[in-house]
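Here's a quick tour of one model, with a helix, a ligand site and a couple of odd backbone angles on the list. Have the viewer open as you read.

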Amino acid sequence: MLNLSNNKTHKIVPDDILQKALSGERLDGDDLLILLEEQKEKAGKKIIFTADTLNKKINSDKVSYVVNRNINFTNICGLNCKFCGYKRTKNSKDAFLLDYDKIIEKISDGIESIGIDEICVTGGINPELKANPDYYFNLVKIVRNNFPKLHIHAFSPQEIYELSETTGMTYAQVIEKLVDCGVNSMPGTAAEILAEETRKKICPQKINTTKWIEIIKTAHMLGVKTSATVLFGHLESSGDLAYHLSIIRQIQDETGGFTEFIALPFISAKTSLRKSIERNELIGENKVFKFYAILRLFLDNFKNIQTSWPKIGVPAALKSLDCGINDFGGTLMEENITKSAGGKFGEFLEEKEIINLIKHAGKIPVRRDTVYNYIYEKIYNKIL
Ligand code: SF4
């Protein structure tokens with residue numbers, strides 16, 4: 001997937017690569033690695049400027065967002081990912097598994113208070129649910145029965161794998177059953193980093209890369225769209241990132257099933273992985289911006305690249321809109337996972353606030369649904 005030739009890297013300079021990207025020519029693995037390895041500040045600025053120019057060609061000044069809420073139904077988890085501050089064991093004081101009434105209450109609250117279009121449903125890999133896989137299917141059925149029009153964005157490839165293991169159904173059968181119950185799309189999380197060696201270091205019990213790819217492609221083949229993600233700023237090398245992005249781009253070529261790419265910087269404060277990373281190696285704002293820009297240049301088959309305000313903060317998320325980013329993400333309402341890892345940038349932004357922030361950044365806010373159909377594009381001023 002990643003084809004790095006030996007005699008090419010010394011001939012190409014970043015300016016050539018940027019020119020290539022601007023002219024619409026596809027960047028290859030060598031180009032990507034050169035951009036990722038580039039450390040000079042001036043070159044970083046050029047990369048960002050080029051990504052911004054390219055993004056404007058594709059998306060003009062439109063910046064989309066979604067009005068949604070997270071439903072994290074359990075924080076009890078039998079896995080032990082080193083970057084995670086969210087998981088709890090069954091006996092932890094703050095461990096929880098939500099019952100359906102509580103979930104319905106949370107959704108009703110989201111609809112009544114901010115008019116959510118989507119719920120994003122994920123949780124820990126709760127060992128108790130292995131004996132009760134129907135919890136997942138019935139959860140979706142009950143939500144669908146109560147909220148016929150709500151978009152249900154639910155269950156990561158890891159959760160699909162666990163359901164397949166416990167029920168004996170194939171990945172395709174699990175996904176089809178979830179769709180029958182009411183699922184509309186899936187988060188492309190649990191990807192973390194797809195370079196196997198590093199993956200084993202940061203999330204040794206998670207599904208391997210081959211299984212992640214198989215589950216994602218199965219979803220796409222069944223017509224279920226997913227997001228695509230990467231966790232960066234931990235132990236990974238530039239080669240790992242190049243490998244990851246090459247896999248994602250290739251899947252998109254094959255299936256067209258990814259709606260957007262979301263790059264998630266590692267939030268370290270309350271995680272065990274933090275101890276393995278020197279303070280001066282923690283990723284800073286400028287590296288995040290440069291990485292976002294490289295995504296725009298390399299992922300030529302993605303229209304939508306999303307920033308992450310809970311992870312980098314609102315001011316940085318606004319600056320990232322000039323680095324090749326065209327999506328601000330969601331209102332979220334109760335963002336638990338980043339907060340548990342030590343994230344300090346909040347868990348909810350009102351729609352009105354998002355609109356004003358985007359406008360203040362000189363962009364045009366566009367409310368979208370989960371699969372990037374634009375709503376309120378023409379009347380966004382009226383909802384202020
Ligand atoms: S990232 Fe998810 S699967 Fe991994 S330990 Fe945390 S809750 Fe469990």
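Which residues of H11 are buried? They are Val288, Phe289, Lys290, Phe291, Tyr292, Ala293, Ile294, Leu295, Arg296, Leu297 and Phe298. Keep in mind that this is a predicted model.

Because 11 of the 14 residues of H11 are buried, the helix is largely enclosed by the rest of the structure. Its geometry checks out too: helix H11 covers residues 285-298, and at 1.5 Å a residue it should span 20 Å. The end C-alpha atoms are 20 Å apart, which agrees.

Now for the ligand. Around it you'll find Cys77, Leu79, Asn80, Cys81, Cys84, Tyr86, Lys87, Gly124, Ile125 and Cys203. Sorted by character, that shell comes out as seven nonpolar residues, two polar and one charged.

Next, the backbone. Most residues other than glycine have a negative phi. Here are two with a positive value:

| Residue | Phi | Loop between |
|---|---|---|
| Phenylalanine 155 | near 70° | strand S4 (151-154) and helix H6 (157-167) |
| Glutamate 192 | near 45° | strand S5 (185-186) and helix H8 (196-202) |

So what about their surroundings: is phenylalanine 155 buried or exposed? Phenylalanine 155 is buried, because 25 other C-beta atoms lie within 10 Å, and the cut-off for that label is 20 or more. Glutamate 192 also counts as buried, because it has 25 C-beta neighbours inside 10 Å.

Notes
Residues numbered from 1 in each chain as written. Predicted model: local features only at pLDDT ≥ 70, side-chain atom pairs only at ≥ 80, totals over all residues. Near = placed C-beta within 6 Å. Nonpolar A, V, L, I, M, F, W, Y, C, P; charged D, E, K, R; others polar. Helix = DSSP H or I, 4+ residues; strand = E, 2+ residues; numbered from the N terminus. Buried ≥ 20, exposed ≤ 12 C-beta atoms within 10 Å, placed from the backbone. Expected span 1.5 Å × (residues − 1).
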